[in-house]
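I opened this complex to keep a record of what I looked up in it. The entries are in the order in which I made them.

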Amino acid sequence: MTAESTRVAEQFDDAAQQREAATLGMWAFLATEILFFGVLFAAYTVCRLLWPDAFASGSRHTDLPLGTVETAVLLTSSFTVALALRDVQLGGRRVAAWLFVATATLGVVFLAIHGVEYHADYEAAVIPGLRYEEVGPLAPAKQLFFILYYVTTLFHGLHVTIGVVLLLVMAWRVRAGAFSPDDHSALENTALYWHLVDIVWIFVFPLYYLVGRA
Amino acid sequence: MNLAEHAPPSYLADGVTLRSWLFTHDHKRIAILYALAITFFFFLGGVAAALMRLELATPAGDVMSAETYNKTFTFHGVVMVWFFLIPSIPNTLGNFLLPLMIGARDVAFPRLNLFSWYLYMAGGLFTIACLLLGGVDTGWTFYTPFSTMFSNSHVLLTVVGVFIVGFSSILTGLNFIVTIHTMRTEGMTWFRLPLFVWSMYGVSLVMMLATPVLAMTLALIAAERLFGVGIFDPALGGDPLLFQHFFWFYSHPAVYIMVLPSMGVVSELITASVRRRIFGYRFMVYSIIGIAVVGFLVWGHHMFVAGQSMYAGIVFSILSFVVAVPSAVKVFNWTATLYKGDIAFGAPMIYALGFVGLFMLGGLTGLFLAAVALDVNLTDTYFVVAHFHYIMVGGAVMAYLGGIHFWWPKITGRIYSEAWARFAAILMFLGFNLTFFPQFLAGAEGMPRRYHAYPAEFGLLNVLSSAGSVLLASAYLLPIGYFLWSLRHGERAGPDPWGAKGLEWETDSPPPTHNFTRPPQVDENGPYAYAPP
Amino acid sequence: MNLLPRASTFAGHLDAMFYTMVGLSAVVVLGVFITMLVFAVRFRRGRHVDRSGESHREMGIELAWTLVPFALFVGIFAWSIVLWVDMRTPPSDAATIYVVGKQWMWEFEHPDGQREIDTLHVASGQPVRLVMTSQDVIHDVFVPAFRVKQDVLPGRYTDLWFIPTRTGTYDLFCAEFCGTDHSRMRGTVVVETPADHARWLATHASASLAARGKLLFTRFGCAGCHDPASAVHAPRLDGLYGSTVPLADGRQVVADERYLHDAIVLPASEVAAGYEPVMPSYKDRIDESDILALVAYLKIRGQDRETSHEPR
């Protein structure tokens with residue numbers, strides 16, 4: 001490792017301190033995200049306990065095949081980003097860059113499938129505030145299901161989008177040789193962020209697509 | 001070697017253009033940017049308070065319409081809570097002092113720090129826009145369904161502004177946590193940290209973990225306003241109490257965001273003025289962490305009469321008593337620190353002692369409210385208003401001002417006028433008590449809060465309160481005068497004008513941009529190892 | 001609380017607790033203040049006094065002023081809980097008065113049909129339970145002289161109870177911010193002797209609440225499904241109030257005022273076992289005070305009292 005391969009920002013004493021700070025910072029940020037999404041999961045839990053039938057009915061409206069594909073896509077993307085990181089750790093550059101691009105592409109695929117779902121929801125008129133035509137005694141409480149579904153998936157989608165941008169930026173920087181096996185904390189943090197995005201979906205999928213469907 | 005020739009410029013002299021300030025990475029300059037902004041918002045919120053006290057001086061609602069009054073008290077609450085109290089100490093004194101106190105050159109993420117200030121300003125802009133467009137009338141607590149389905153005011157604009165400023169809070173907390181964990185200088189172990197640093201740690205935990213809950217809750221309010229559908233509306237089968245749970249889950253820890261830093265400041269002011277180590281350092285540290293953690297468990301005490309179950313009331317009551325214990329310990333420890341001390345009574349010490357007294361009164365009245373049966377009568381009355389103003393204004397604001405006075409020489413390189421400062425501090429103490437003590441009595445007599453016009457029997461107490469507010473307002477204006485004067489004509493300060501311990505006093509006043517010209521020496525005997533006189 | 005009259009059985013107990021706490025607080029404040037003063041004078045800078053020596057019993061002192069306050073707090077907590085449980089447990093013989101709060105007025109409905117706006121007449125010495133709901137936003141019933149307070153919510157019933165002890169006229173305030181005229185949403189509670197109150201009830205009688213409810217039951221078409229002769233398979237309502245109802249999702253609920261209210265406005269939320277969720281919702285079609293009348297009627301439906309009630 002040569003001195004110029006590790007740029008240490010002026011507030012840090014050395015590269016080790018910089019790395020430690022970046023890692024702790026990312027974990028702290030992930031903690032805040034858990035609390036942010038936690039509100040939606042708490043609200044879901046409360047509403048589900050109060051109106052189990054309406055929520056089960058709402059679950060049946062979600063597209064299980066598409067949801068499953070989305071889950072597979074995101075899980076695969078977590079795998080590719082982990083592989084990318086591994087490649088950088090082993091001194092690689094080209095393969096890693098392509099793996100970052102692949103991860104980002106999978107993220108875009110996820111968003112596209114979600115777009116298809118939203119379109120179908122619009123056709124089925126289950127978007128409260130925009131187009132909601134459910135009737136019947138369960139309709140009012142079912143609306144709560146859909147409100148939570150859209151707020152949760154929209155915020156999640158926003159995080160996916162940010163992640164895609166980050167991944168592409170990282171891919172470009174990896175290609176340009178900005179990282180080395182000893183100095184790639186930005187990549188580690190990007191991967192951590194992407195894993196968070198994945199984990200949030202791992203909670204969303206069962207809660208909204210699986211539970212009570214039968 | 002002539003050190004003066006090689007001495008780096010102070011952070012104030014290091015670049016004089018507007019650009020050098022607005023694009024700075026220096027935590028000390030960012031602290032000043034925050035200080036200017038929060039002072040502006042303090043006076044904005046203060047004008048709202050003055051208007052309220054003007055209206056309340058007489059029982060009839062004759063100064064403004066009911067709707068205007070409702071918008072005024074809402075504005076006062078929103079501005080004072082989110083744009084003054086929460087950022088005041090952490091973002092000004094915390095930003096300035098934290099790296100200095102731990103011997104670092106800056107915080108862990110300086111650019112994030114600057115970005116946090118811009119987020120604050122953006123949030124502030126939304127709030128001002130709301131004011132100019134006609135205001136919001138829901139109270140700073142935004143209870144549903146009034147705020148979502150019934151209010152005809154600019155709820156969305158306000159909620160977006162608070163949402164944005166919340167992220168300023170979250171990122172500041174994140175920055176501080178990482179800074180304290182990773183950037184302490186050689187020899188600065190955890191239990192050699194000054195209590196102010198510990199209070200920054202505690203407050204950062206709360207800012208980081210509680211504020212995201214507020215953010216999402218406000219997002220849900222916004223969704224309900226925008227699309228007419230939501231989970232808090234009983235007409236849809238939603239639950240207005242769910243909103244209150246989410247809101248108070250953040251807003252109770254928020255009051256600890258406001259008070260923990262002030263406790264940290266007071267510990268510094270007292271030890272420096274008494275030139276003696278704090279009594280019970282470890283207990284003080286555990287109290288800070290205890291308050292931060294247990295503070296997350298008591299939110300239901302805001303909802304004793306809201307429709308919660310009787311059992312929830314019991315649980316939240318005992319937890320609220322538990323959280324009062326560490327605060328009591330701190331008051332006793334500060335008092336014990338005076339024993340065998342070498343006590344000087346400059347303005348910082350007057351502010352610190354004022355804090356201890358007023359915080360104690362505020363805290364004791366909190367016990368009345370924690371006793372759930374008593375709370376039934378006292379909640380939603382002026383008793384609660386007085387309780388939280390004793391802690392927030394008598395406590396947090398006085399600690400903030402005491403800190404500004406104490407570190408003024410370090411921040412500006414100038415000494416302020418001690419005579420004027422003491423006068424202002426005493427005037428503030430007296431004006432404060434005249435303003436808020438009568439409110440305890442009014443509330444205990446049954447005067448409800450958020451009342452634009454009130455029954456005539458509360459007239460005398462309100463006149464006293466309004467009179468006090470005139471004194472208090474004057475006391476707040478005085479520091480502007482003598483501080484500004486000191487910038488031009490004040491005596492220049494050396495590195496350590498108070499003879500205080502702490503790494504910040506080992507560098508010049510004002511410090512150079514990178515804080516230290518040589519690595520600071522950490523005293524192995526701890527943060528307050530004063531020699532006996 | 002010194003100028004505030006004590007007009008309920010709670011007031012004396014709560015004031016005793018309040019003043020005890022004031023006394024304890026005064027002791028603490030004086031203790032700390034005097035200690036601070038003594039230390040500040042004795043150890044002020046420039047005074048030659050012995051400042052040597054470290055305290056060796058720090059841990060003991062710390063524990064003392066951690067545990068003693070905590071013990072005191074637990075004592076206060078326990079005392080407060082005794083009062084709290086009492087305040088939250090209305091006696092079974094309490095007279096029930098229904099309250100509807102709406103921007104910005106109060107409606108009180110006595111069981112025998114007397115309706116009052118903003119004023120509430122009660123008899124001294126007799127327990128009263130207020131069952132309350134809101135037509136719009138959250139309000140709050142606060143009677144300082146009785147030391148009672150309870151938020152009033154839309155979409156559900158909340159309650160409070162008291163026994164008035166002194167005749168007189170007392171303020172009632174709305175104590176939860178509810179919009180423009182929140183501070184004008186006031187009322188009065190008039191406490192009369194039982195004899196005077198009986199006279200008042202007699203002179204202000206109209207169709208009893210339950211009789212009004214019976215008329216509404218027909219007007220809104222409830223009988224169309226719930227009458228025994230109906231072709232629709234709908235639950236029988238006779239003697240329903242107070243019984244335990246098995247629900248379609250396996251739960252069991254007690255048919256109290258809340259259940260009956262929600263059955264009318266949110267029928268799909270608690271479908272009775274063995275029935276289809278076909279009942280339409282009457283939300284926004286029947287206002288809260290009419291729902292109270294229906295509930296009052298359902299409480300006596302199928303009992304002897306139903307037929308003996310006649311409008312006076």
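The notes below go from confidence to chain A, then to the contacts of chain B, one of its helices, and the strands of chain C.

**Entry 1: confidence**

I noted at the outset that this is a predicted model. For the complex, the predictor gives an ipTM of 0.92 and a pTM of 0.90. I then looked up chain C, where pLDDT averages 88 and 94% of the residues score at least 70. I marked residues 307–312 of chain C, over which pLDDT stays under 50. For that stretch the model has six contacts beyond four places in sequence.

**Entry 2: chain A**

I counted the secondary structure of chain A as six helices and two strands. Along the sequence, their pattern reads α-α-α-α-β-β-α-α. The box filled by the C-alpha atoms of chain A, taken along the principal axes, is roughly 70 × 30 × 30 Å. Chain A has 214 residues, and 40% of them are buried. I also checked how far apart in sequence its contacts reach. Of the contacts in chain A between residues at least 6 apart, 76% join residues at least 24 apart.

**Entry 3: chain B against chain A**

Which helices of chain B give two or more residues to the side that touches chain A? I first took the totals: 33 residues of chain B are in contact with 27 residues of chain A. The helices I was after are H7 (155–182), H8 (195–227) and H9 (240–274) of chain B. H8(B) has the largest share of that side, with 10 residues. Sorted by class, this side of chain B holds 24 nonpolar, seven polar and two charged residues.

**Entry 4: chain B against chain C**

I repeated the lookup for the other partner and found 64 residues of chain B in contact with 66 residues of chain C. On the side of chain B that touches chain C, at least two residues each come from H4 (66–102), H6 (146–150), H11 (310–337), H12 (347–370) and H13 (372–378) of chain B. H11(B) gives the most, 13 residues. The classes on this side of chain B are 44 nonpolar, 14 polar and six charged residues.

**Entry 5: helix H16 of chain B**

I measured out H16(B) on the model by its ends. It covers residues 459–489, 31 residues in all, and spans 46 Å from first C-alpha to last, close to the expected 45 Å. Its buried residues include B:Leu461, B:Asn462, B:Gly468, B:Leu472, B:Ala475, B:Pro479 and B:Ser486. I looked for what covers the buried residues and found, among others, H3 (27–56), H14 (382–412) and H15 (418–444) of chain B.

**Entry 6: strands S1, S2, S5 and S8 of chain C**

I started from S1 (residues 95–102) of chain C, which runs parallel to S5 (residues 128–134) of chain C and is joined to it by seven bridges. In this pair, C:Thr96 has C:Arg129 as its bridge partner, and C:Val100 stands opposite C:Thr133. S1(C) is also joined to S2 (residues 105–109) of chain C, antiparallel, by five bridges. A hairpin of two residues links S1(C) to S2(C), and C:Lys102 stands opposite C:Met105.

On S5(C) I also found S8 (residues 158–162) of chain C, paired in the antiparallel sense over five bridges. There C:Val128 has C:Phe162 as its bridge partner. Is S5(C) enclosed by the rest of the structure, or to what extent is it buried? Six of the seven residues of S5(C) are buried, so this strand is largely enclosed by the rest of the structure.

**Entry 7: the open sheet of chain C**

I traced an open sheet of five strands in chain C, in the order S4-S10-S9-S6-S7, with mixed pairing. S4 (119–123) and S7 (148–152) of chain C are at the edges with a single partner strand each, so one side of each has no neighbour in the sheet. On average, neighbouring strands of this sheet are turned by 20° against each other, direction ignored.

Within the sheet I looked up S9 (residues 168–174) and S10 (residues 187–192) of chain C, which run antiparallel and are joined by five bridges. C:Thr169 has C:Val190 in S10(C) as its bridge partner. H3 (residues 194–203) of chain C packs on the sheet and touches S4 and S10 of chain C. The direction of H3(C) makes about 130° with that of S4(C).

Technical notes. Residues are numbered from 1 along each chain as its sequence is written. Chains are lettered from A and ligands numbered from 1 in the order in which they are written. This is a predicted model: local features need pLDDT of at least 70, side-chain atom pairs count only at pLDDT 80 or more; totals for chains, interfaces and linings use all residues. Helices (H or I, at least four residues) and strands (E, at least two) are DSSP runs, numbered from the N terminus. The expected span of a helix is 1.5 Å times one less than its number of residues. A residue is buried if 20 or more other C-beta atoms lie within 10 Å of its own, exposed if 12 or fewer, and partly exposed in between; C-beta atoms are placed from the backbone. Two residues are in contact if their C-beta atoms, placed from the backbone, lie within 7 Å. Ala, Val, Leu, Ile, Met, Phe, Trp, Tyr, Cys and Pro count as nonpolar, Asp, Glu, Lys and Arg as charged, and the others, Gly among them, as polar. Two strands pair if DSSP finds at least two bridges between them. Axes are lines fitted to C-alpha atoms, for helices over the stretch in contact, and angles run from 0 to 180 degrees between N-to-C directions. pLDDT is the predictor's confidence in each residue, from 0 to 100.
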